[in-house]
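Subject: Structure for you to look at

Hello,

Here is the structure I said I would pass on. My notes on it follow below the display.

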Amino acid sequence: MADDYLVRIGKLIRDARQHRGWTQTQLAEALGTSQSAVNRIERGNQNISLEMIARIGEALDSEIVSLGYAGPMHLRVVGGRRLSGAIDVKTSKNACVALLCASLLNKGRTVLRRVARIEEVYRLLEVLNSIGVRTRWINDGVDLELVPPAELEMAAIDADAAVRTRSIIMFLGPLLHRVDHFKLPYAGGCDLGTRTIEPHMIALRRFGLDIAATEGQYHARVDRTVRPDRPIVLTERGDTVTENALLAAARHDGVTVIRNASSNYMVQDLCFFLEALGVKVEGIGTTTLTVHGVPNIDADVDYSPSEDPVEAMSLLAAAVVTESELTVRRVPIEFLEIELAVLEEMGLDHDRSPEYFADNGRTRLVDLTVRPSKLEAPIDKIHPMPFPGLNIDNVPFFAAIAAVAQGQTLIHDWVYDNRAIYLTDLNRLGGRLQLLDPHRVLVEGPTRWRAAEMMCPPALRPAVVVLLAMMAAEGTSVLRNVYVINRGYEDLAERLNSIGAQIEIFRDI
């Protein structure tokens, strides 16, 4: 039992250190001890006193380790406040996790600029560290450096971290070039119903990858005599499926054509990164990608992922639901044009700046100013489509927006099995949402929001939608166990507070 507590305490200390952006050496210097001692503590291999736990908590400015056990994080929201001022959109969560997986293609040093400091990234870093990849936060914890080992230690993979992220599925594409056989834990992440990996396998079998799923793991073997001899046609135009195919094609010695490919924002960022590695990719932004593979990639590469259109939509929705005037800066407009067109038809009052480029030199950005508007329900239903259609991850925000509009709005989330169900949590806050089936919900507006205390939905975007509704509701609400929000948003509560929200982070004692 004591050993179990030491392991738990060690993981809490490691998470707090990584959140601060410190290396083990930096923490050791602050404590007046050695890096090896910190390493033993984080692995649960060293007895640790309450005094040392308190010192670590003080050094890391984190109450996570002050009691030796971190309970779930909760949010206390004082609603009914107007937002004001301006806020910047951070880099894309989905692009960052794809680029972390893509770094396995490179034998050289990879630097990613302004990486999203979110739980999904931390879990992937834990997995990468466990198989031998050296990672460290640089430039005051803003940027991330990754240096792979000569040989990956796949037998040492951190299964606990791996099962907490669905992004682990994107290890398949790069790993098939590095090891002949390996095991990966089943992919986890949000609870959005059954999601098969078969589309991934249809693409990756063409590169010789064969997988058997047993005992909670994928058992993978690679037959290097198998090569794609004709264009690969993806059976679904999925983002991660396209990314896996790109990662497999990047080091294939030859030309690979991928058809029915996603052209979404994270796929484009991955293509731009592959080009920085020396891989030629034709057709970026279209549904047919032609990849000229490079069998050996050994480059020191520096890349800046672009801003997150889904976070931008979150912030726009926050302004709409709280009836605020707010400027959202660094919005990747190419990936929000349909959403804005729908909002304009609903009556949204907004304007935008001239376009300018993101730090990657490719993605087009604008600054958007949203003003309080009298919205009407759209005539047509809200439903997602592959890019350039309305983004699947932006659909939930229209539930909150429709709730403040006059009339009935039909939202059809045909992709995920459970997400429409989670949107009905808005009824606890005064919403009038009728679930028609697991994929369709009818929203009646306008809504008089009311405060409530509730558990966080287990899916990222519906969880944020509930938080936005709490911000609009007069009184004090409590949203419990918000880990899922931290998976996809960096310091969201603090950033919303900076523009006028009143959100307190707390834990049960």
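I begin with a sheet of 4 strands, which is open, has mixed pairing and follows the order S9-S10-S12-S11. Its edges are strand S9 (232-233) and strand S11 (280-282), each of which pairs on one side only. Please keep in mind throughout that this is a predicted model.

Inside that sheet, S10 and strand S12 (residues 288-292) run antiparallel and are joined by 5 bridges. One of the pairs is Val255 with His292, the latter in S12. Helix H10 (residues 239-250) lies across S10 and S12, and its direction is at about 25° to S12.

Val257 is a useful residue to click on here. Its place is in strand S10 (residues 255-259). Leaving aside neighbours within four places in sequence, Val257 is in contact with Pro231, Ile232, Thr288, Leu289 and Thr290. Between Val257 and Asp229 there are 9.7 Å in space, C-alpha to C-alpha, with the two being 28 residues apart in sequence.

The other sheet I looked at also has 4 strands and is open, in the order S4-S5-S3-S13 and with mixed pairing. Strand S4 (134-138) and strand S13 (301-303) are the edge strands, each pairing on one side only. From one strand to the next, the twist averages 15°. S4 pairs with strand S5 (residues 143-147) in the antiparallel sense, over 5 bridges. In that pairing Arg134 stands opposite Val147 in S5. Helix H11 (residues 265-276) lies across strand S3 (110-112) and S13, and runs at about 155° to S13.

The loop between S4 and S5 holds Asp140. Asp140 is not a glycine, yet its phi is positive, about 60°. This residue is exposed, with a relative accessible area of 83%.

Now the helices. How do H2 and H3 cross? The axes of helix H2 (residues 24-31) and helix H3 (residues 35-42) come within 8 Å, and the crossing angle is roughly 105°. An angle of 65 to 115 degrees counts as roughly perpendicular, and H2 and H3 are therefore roughly perpendicular to each other. The residues that meet are Gln24, Thr25, Leu27 and Ala28 from H2, and Gln35, Val38, Asn39 and Glu42 from H3. Sorted by class, this contact has 3 nonpolar, 4 polar and 1 charged residues.

Further along the chain is helix H13 (residues 337-346), in which the buried residues are Glu339, Leu340, Leu343 and Met346. They cover an arc of only 115° around the axis, so they are on the same side of H13. Their cover includes helix H12 (309-321), strand S15 (349-352), strand S17 (364-371) and helix H14 (395-403). After H13 comes Gly347, which has a positive phi near 110°.

A few backbone points remain, and you may want to check them by eye. Most residues other than glycine have a negative phi, and most peptide bonds are trans. Against that background, these are the places to visit:

- Arg330 has a positive phi of about 65° although it is not a glycine. It lies in strand S14 (residues 326-332). Is Arg330 buried or exposed? Its relative accessible area is 18%, and it is buried, the cut-off for buried being under 20%.
- Phe387 and Pro388 are joined by a cis peptide bond, with omega about 15°. Pro388 is found in the loop between S17 and H14.
- Gly445 and Pro446 are also joined by a cis peptide bond, and omega there is about 0°. The loop that contains Pro446 runs between strand S20 (440-445) and strand S21 (453-455).

To recap the positive phi values outside glycine that I listed: Asp140 is at about 60° and Arg330 is at about 65°. Asp140 is exposed, whereas Arg330 is buried.

Regards

Methods: Residues numbered from 1 in each chain as written. Predicted model: local features only at pLDDT ≥ 70, side-chain atom pairs only at ≥ 80, totals over all residues. Heavy atoms only, no water. Axes fitted to C-alpha atoms, helices over the stretch in contact; angles between N-to-C directions. Helix = DSSP H or I, 4+ residues; strand = E, 2+ residues; numbered from the N terminus. Parallel < 35°, antiparallel > 145°, perpendicular 65-115°, else oblique. Contact = heavy atoms within 4.5 Å. Nonpolar A, V, L, I, M, F, W, Y, C, P; charged D, E, K, R; others polar. Pairing = 2+ DSSP bridges. Buried < 20%, exposed > 50% of the residue type's maximum accessible area, 1.4 Å probe, protein only. Arc of directions from axis to C-beta.
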